[in-house]
Amino acid sequence: MPAGESNVARSHCEERRHQAVSTRTHIWLLIASSLLAITAVLVAFVVPARAQERVLNIYNWTDYIDPAALERFQKETGITVHYDVFDSLETLEAKLLAGHSGYDVVVPSNEPTFSRLIKVGALAPIDRARVPNWKNLDPGLMRKVESSDPGNRYGAIYLWGTTGIGLIPDRVKRLAPDAPMDSWDLLFKQENAKRIAPCGITMMDSAIDVIPGVLKYLGKNPDSTDPTDLAAVERTLMGIRRYIRSFASGGTLEALAAGQTCLALDYSGDVIQAGARAAEAKHGITVRYVAPKEGAQLGFDMLAIPTDAEHKDAALMFIDFVLQPEVMAGITNTVRYANAVPASRPMIRPELLADTNIFPTPEQMAAFFTIGPVPQAAARERTRMWARFKAGH
Amino acid sequence: MIAVLAIVWAWLLVLLVLPTLIVLKIALSYPADSVPPYAPMLPGLHVSTDAFALILSDPLYAQALLLSLKVAGLSTAICLLAGYPMALAIARSPERWRNLLLMLVMLPFWTGFLMRINAWIGLLQDDGWINTIIVMLGLSPLRLLYTDVAMYIGIVYTYLPFMVLPIYARLSQLDGRLLEAAADLGAPPWQVFGAVTLPLSLPGVWAGVLLVFIPAAGEFVIPELLGGPQAQLIGRMLWQEFFQNGDWPTASAIACALLALLLLLPAALLRVGRTTLSRRSS
């Protein structure tokens, strides 16, 4: 081989080795710089950006507002609304307990979340002088919330309803013709659940909403923390466990409206909204709500302001805005839950006013119950029981 | 090089060690009615081991953990069975096809994870695409969504690329002359695979197994969205303690237990893998 050629070959070889080394350094540099870049991004997110513009951050239930009301509020006040939704009280509570949630108006239910948030100091008292429309609130209903909030210092009622049974009556009747349609027996009696199961039974995935109802059904005190009562609840629930197709938090509304489930334990307004959607879709599905005769739990969703809210002025303006009769009427007309502003009634659609599932008669109201705070240890026992119920063993 | 190493160690300290210490601190605190909902351990060192005692004494947690390991193990096995042939096929395909095929494996990452899982809900639900086709074929529709089958589909679908890529990386570096030599010495194709290809690709297989098993064992989103309520995996238990009970110490104790287990288990696996490898080579 001529010397020149071998030289060329060697220099090629060296070049390749040199390239390999420089690629390796390049890779290290690449890794180091990308780590640095990611750290920089993380730091940028951790250090909060404080916007000076007028904004209001609202955290409300899913499907729970009249979009026109939000638009009107923004137009009238010039405040930009950031509207965010949750589908279970647990999500709301976890965010507020962690602190610095960033929200200015939240809508917890009176029990257990609203009372617990007051107890831990996560909510700010509402300055009523800044909320002139507070006078529109029904004093009788506000009194019912005092068991959670003595003196009504921390919240105004936004909307209220009951927890009961949503069903597709003709399908349920076909499968279980002799089952009572107005009683918890329809769901909690094994023989009925078994017959309805092929068509789909959905359980609300919420220990705090279901357990008081079962206690009431069993003739016990809905606030009971007695372990033997809880064991009785567990036996009742386990008896129908295998007939439950799905556990849902949110989404039951759609499942009922589409006929994917025939029987669901759910909030009254969600079922009534599902009925309206089913009627609009015209697939021949009718959805009905039943507040069982043994008693249904009354729930009040409260407008409240977190202690660490950054835009408290805007939050007070929003609460005052919402408590106007015409705004409240628009919200009830959209979401089909009753409100606590009697002056809104003339503007509510007559078919909603006539629906006793939305606006119950005084006799019905007498059969409904409200619950009180549950001590932490008992609440944990309930949750663990619920986990066993879901797992099915 | 020292600067680079310093950055890597600082990175590990800030994003792995410190968060773990914070979680451990919460696990050793008392739950309390406050914001945040636990009584601080420091100052005064009021250490509470209640949370650890609870997760050790209540069989609910052990069952959830065992179920998680089972689901992760089975998912990893399916990923391996499906992923190895894919990796081999890509590695053996003509060079101009390889990048395209690799691209196809990674393409799903271009869209959001939640969007892909929600797409599966649309495919699997009672009146979804799959059942529509089944009904059109004159068969009775299947219950797919909210079953274990749906959960496994979701996990395998999500983690398959993590199995394919490391095995492919290994197989593509394989010296083709070794395979030729084995064949020249009279080994039939299955023996070439068993004696040469498979042992040489094992490091890639271990990497893939770890990359799939570890996240699958702590998986929360897929069982929650696709699985049934009976699939009470440890990730869902952790969520329940944190969100439904507001019991941060117990949730943190579960996180610590899971972390410890997931550090110990791969270490044991690696050890087994290494000893079998060295035994075979000696």
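These are my notebook entries on the core, the chain contacts and the unusual backbone geometry of a predicted model.

**Core.** I looked up the largest nonpolar core first and found that it has 155 residues, with A:Val105, A:Ile319 and B:Ile254 as those having the most contacts inside it. Helix H7 of chain B, residues 148-172, gives the most to this core, with 12 residues. In chain A, domain 1 (55-160 + 299-359) and domain 2 (162-298 + 374-391) both give residues to this core, so it lies between them. I then followed A:Ile319, which touches A:Val105, A:Val131, A:Ala156 and A:Leu303 when residues up to four places away in sequence are not counted.

**Chain contacts.** I noted 23 residues of chain B in contact with 28 residues of chain A. On the side of chain B that touches chain A, two or more residues come from each of helix H1 (2-27) and helix H11 (234-244) of chain B, and H11(B) gives the most, with five residues. That side of chain B divides into 13 nonpolar, seven polar and three charged residues.

**Backbone.** I recorded a cis peptide bond from A:Glu111 to A:Pro112, with omega near -5°, and A:Pro112 lies in helix H4 of chain A, residues 110-119. The bond from B:Val35 to B:Pro36 is also cis, with omega near -10°, and B:Pro36 lies in the loop between strands E1 (30-31) and E2 (38-39) of chain B.

I also checked A:Arg336, which is not a glycine yet has a positive phi of about 65°; A:Arg336 sits in the loop between helix H14 (325-335) and strand E12 (338-339) of chain A. With 25 other C-beta atoms within 10 Å, A:Arg336 is buried.

Note on methods: Residues are numbered from 1 along each chain as its sequence is written. Chains are lettered from A and ligands numbered from 1 in the order in which they are written. This is a predicted model: local features need pLDDT of at least 70, side-chain atom pairs count only at pLDDT 80 or more; totals for chains, interfaces and linings use all residues. A nonpolar core is a set of buried Ala, Val, Leu, Ile, Met, Phe, Trp, Tyr and Cys residues joined through C-beta atoms within 7 Å. A residue is buried if 20 or more other C-beta atoms lie within 10 Å of its own, exposed if 12 or fewer, and partly exposed in between; C-beta atoms are placed from the backbone. Helices (H or I, at least four residues) and strands (E, at least two) are DSSP runs, numbered from the N terminus. Domain bounds come from an automatic or database domain assignment. Two residues are in contact if their C-beta atoms, placed from the backbone, lie within 7 Å. Ala, Val, Leu, Ile, Met, Phe, Trp, Tyr, Cys and Pro count as nonpolar, Asp, Glu, Lys and Arg as charged, and the others, Gly among them, as polar.
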